[in-house]
Amino acid sequence: MYNNPSTTHFTFSPALIARLASLPTVTAVKMPLPAGGDFAGQIAALRADLPPDFAIGLQRRLGLSRRAF
């Protein structure tokens, strides 16, 4: 799933992401970059309620290096 609130005007809550992650055909989520830049915090908060093999991706913006992840 793609959590893209700037385009869709809808934000997936962590609870909704967790519910959808329980479906066998949903295996990943792509998230917007956190406003405060706390990548690790956002991923840790999501990871707590997701299956261990569920993938979490972050949008990439120009000028942001992969080292930030």
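Here are some notes on this predicted model, going from the overall layout to single residues.

1. Overall layout. The protein chain has three helices and two strands, and in sequence order they come as α-α-β-α-β. Of the 69 residues in the chain, 29% are buried. The exposed surface comes to about 4800 Å², with carbon and sulfur atoms supplying 59% of it. Take the contacts between residues at least 6 apart in sequence: 61% of them join residues at least 24 apart.

2. The two strands. β1 (28-31) and β2 (55-58) run parallel, paired over four bridges. If you want residues to look at for the register, lysine 30 sits opposite glycine 57 in β2, and methionine 31 has leucine 58 as its bridge partner in β2. Together with α3, the two strands form a β-α-β unit, and that unit is right-handed.

3. Faces of the strands. Which residues of β1 are on the covered face? They are Val29 and Met31, while Ala28 and Lys30 make up the uncovered face. In β2, Ile56 and Leu58 are on the covered face, with Ala55 and Gly57 on the uncovered one. Put that next to the bridges: the Lys30 and Gly57 pair brings together a residue from the uncovered face of β1 and one from the uncovered face of β2. The Met31 and Leu58 pair does likewise for the covered faces of β1 and β2.

4. The core. The largest nonpolar core has 14 residues, and those touching the most other members are Ile17, Val29, Met31, Leu46, Leu50, Phe54 and Ile56. Elements giving two or more residues to this core are α2 (14-21), β1, α3 and β2. The largest share, three residues, comes from α2. Isoleucine 17 is a good place to start looking: leaving out residues up to four places away in sequence, Ile17 touches Met1, Asn3, Phe12, Val29, Met31, Leu46 and Leu50.

5. Asparagine 3. This is the residue I'd zoom in on next. Asn3 is in the segment before α1 (5-8), and Asn3 counts as buried because its relative accessible area is 2%, under the 20% cut-off. What does the side chain of asparagine 3 have 3.1 Å from one of its polar atoms? The backbone nitrogen of phenylalanine 12. Beyond the residues up to four places away in sequence, Asn3 touches Phe10, Thr11, Phe12, Ile17, Val29, Lys30, Met31, Pro32 and Gln59. Among these are Val29 and Met31, which are on the covered face of β1, and Ile17, one of the core residues that touch the most other members.

6. Glutamine 42 and alanine 45 on α3. Both are in helix α3, which spans residues 39-47. Are they buried or exposed? Gln42 is buried, at 17% relative accessibility, whereas Ala45 is exposed, at 51%. Both values lie close to the cut-offs, since buried means under 20% and exposed means over 50%. Outside its neighbours within four places in sequence, Gln42 is in contact with Met31, Pro32, Pro34 and Leu58. That list includes Met31 and Leu58, the bridge partners from the two strands. As for Ala45, its C-alpha is 8.1 Å from that of proline 14, although the two are 31 residues apart in sequence.

7. Histidine 9. Where does histidine 9 lie? It is in the loop between α1 and α2. Its phi is near 65 degrees, a positive value in a residue other than glycine, so it may catch your eye on a Ramachandran plot. His9 is exposed, with 71% relative accessibility.

8. Arginine 60. The last stop is the segment after β2, where arginine 60 is found. Arg60 counts as exposed because its relative accessibility is 52%, over the 50% cut-off. The C-alpha atoms of Arg60 and methionine 31 are 9.7 Å apart, with their positions 29 residues apart in sequence.

Methods: Residues are numbered from 1 along each chain as its sequence is written. This is a predicted model: local features need pLDDT of at least 70, side-chain atom pairs count only at pLDDT 80 or more; totals for chains, interfaces and linings use all residues. Side-chain values use heavy atoms; hydrogens and water are left out. Buried means under 20% relative accessible area, exposed over 50%, partly exposed in between (1.4 Å probe, protein chains only). A nonpolar core is a set of buried Ala, Val, Leu, Ile, Met, Phe, Trp, Tyr and Cys residues joined through side-chain atoms within 4.5 Å. Contact means heavy atoms within 4.5 Å. A polar contact is a pair of N or O atoms within 3.5 Å; within protein, one must be able to donate a hydrogen and the other to accept it, and residues adjacent in sequence count only if both atoms are side-chain atoms. Two strands pair if DSSP finds at least two bridges between them. A crossover is right-handed if, with the strands pointing away from the viewer, the path from the first strand over the helix to the second runs clockwise. Accessible areas come from the Shrake-Rupley method with a 1.4 Å probe; for residues, only the protein chains shown count as cover.
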